[in-house]
Amino acid sequence: MNYILILVIFMNMFQSPSVIFKFDLGSSTNGWQIVDDRVMGGRSQGNFSVNTEGFGVFEGYVTTENNGGFSSLRYNFDGIKTSGFEFIVLKLIGDGKPYQFRLKASEYQRHSYIYSFSTTGLEQEVVIPLKDFYASFRGRILDMPNFDADQIEQVAFLIGNKTKELFSLKIKSISLK
């Protein structure tokens with residue numbers, strides 16, 4: 001193992017409490033999970049890797065065949081407290097398509113809190129107020145308050161634009177601000 005990789009691993013262990021995840025050269029995809037519409041018979045396919053520029057790359061294709069239509073990337077972690085923070089900040093490079101960013105206060109929570117955002121095809125910083133995440137379960141908006149939990153245990157990206165398409169989302173970091 002080279003010294004740079006050891007340093008990157010060491011630094012990732014002691015990140016500021018506001019950083020949920022930051023990708024760098026040598027970052028691992030351990031703990032990240034792809035969940036596609038295949039769980040319900042669909043045929044979409046997502047993949048996740050870290051590229052040579054140090055971005056986490058969520059890419060693949062979505063198809064509406066066989067009642068499909070989505071691909072998602074999830075990450076569960078020990079809870080990070082949200083008190084004192086007002087925003088989620090995503091640093092990424094998209095492909096010009098819309099995506100959803102999702103939160104869960106507990107990995108066992110059935111519903112997600114969702115915020116939809118558009119990508120530009122260029123490097124961008126997406127700043128999302130925590131209070132703007134709305135509750136949803138299986139595509140249905142729930143009649144309950146927007147996100148107001150004191151912690152986050154899961155984050156996810158989802159693409160599901162009701163069309164057949166290739167996608168590529170390069171993720172640099174996810175943090176609280």
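Helices, of at least four residues, and strands, of at least two, are taken here as DSSP runs numbered from the N terminus. On that basis, the chain of this predicted model has one helix and 13 strands. Read from the N terminus on, the order of elements is α-β-β-β-β-β-β-β-β-β-β-β-β-β, so that the helix precedes the strands.

The overall dimensions come next. Along the principal axes, the C-alpha atoms fill a box of roughly 50 × 35 × 30 Å. The radius of gyration of the chain is 16 Å, which agrees with the value near 16 Å that a compact globule of 177 residues would have. Of these 177 residues, 45% count as buried. Contacts also reach far along the sequence: among those between residues at least 6 apart, 70% join residues at least 24 apart.

The interior can be followed through the largest nonpolar core, which has 35 residues. Those that touch the most other members are Ile 88, Leu 90, Phe 101, Leu 103, Phe 157 and Ile 174. Strand β13, residues 165–176, gives the most to this core, with five residues. The contacts of Ile 174 show how distant parts of the sequence meet at one residue. Leaving aside residues up to four places away in sequence, Ile 174 touches Val 19, Ile 20, Phe 21 and Trp 32, then Ile 88, Val 89 and Leu 90, and finally Phe 101, Val 155 and Phe 157.

Ser 175 is also placed in strand β13. Is Ser 175 buried or exposed? Its relative accessible area is 16%, and because buried means under 20%, Ser 175 counts as buried. With residues up to four places away again left out, Ser 175 touches Ser 18, Val 19 and Ile 20 as well as Phe 87, Ile 88 and Val 89. Val 19, Ile 20, Ile 88 and Val 89 are thus among the contacts of both Ile 174 and Ser 175.

Strand β6, residues 87–93, contains Ile 93. With a relative accessible area of 18%, Ile 93 is under the 20% limit and is therefore buried. Beyond its neighbours within four places in sequence, Ile 93 is in contact with Phe 55, with Gly 121, Leu 122 and Glu 123, and with Ser 168, Leu 169 and Lys 170. Ile 93 and Gln 124 are 31 residues apart in sequence, yet their C-alpha atoms are 6.1 Å apart in space.

Attention now turns from the core to open space. Rolling a probe the size of a water molecule over the atoms shows where empty space is left. The largest pocket holds about 940 Å³ of space. Its lining has 37 residues, and Phe 70, Arg 102, Arg 138, Gly 139 and Leu 158 lie nearest its centre. Which strands each supply at least two residues of this lining? They are β5 (71–81), β7 (98–104), β8 (112–118), β10 (134–137) and β12 (151–159). The largest share, six residues, comes from β7. By class, the lining comprises 16 nonpolar, 14 polar and seven charged residues.

The loops offer a further view of the chain. Most residues other than glycine have a negative phi. Asn 66 has a positive phi of about 60° although it is not a glycine. Asn 66 is found in the loop between β4 (56–62) and β5, and its relative accessible area of 43% makes it partly exposed. Lys 162 likewise has a positive phi, near 55°, in a residue other than glycine. Lys 162 is placed in the loop between β12 and β13. At a relative accessible area of 79%, Lys 162 is exposed, because the limit for that class is over 50%. The C-alpha atoms of Lys 162 and Asn 76 are separated by 26 Å, with these positions 86 residues apart along the chain.

A third loop, between β9 (123–129) and β10, holds Asp 132. Asp 132 is partly exposed, with a relative accessible area of 31%. Apart from residues up to four places away in sequence, Asp 132 touches Ile 114, Tyr 115 and Asn 146. Asp 132 and Ser 116 are 16 residues apart in sequence, and their C-alpha atoms lie 10.0 Å apart.

Note on methods. Residues numbered from 1 in each chain as written. Predicted model: local features only at pLDDT ≥ 70, side-chain atom pairs only at ≥ 80, totals over all residues. Heavy atoms only, no water. 1 Å grid on protein atoms, 1.4 Å probe; cavity = no way out; pocket = protein on both sides within 12 Å on 5 of 7 lines; lining within 4 Å. Points joined across faces, edges and corners; volume = space filled by probe spheres on them. Nonpolar A, V, L, I, M, F, W, Y, C, P; charged D, E, K, R; others polar. Core = buried A, V, L, I, M, F, W, Y, C linked by side-chain atoms within 4.5 Å. Buried < 20%, exposed > 50% of the residue type's maximum accessible area, 1.4 Å probe, protein only. Contact = heavy atoms within 4.5 Å. Rg over C-alpha atoms; globule rule 2.2 N^0.38 Å.
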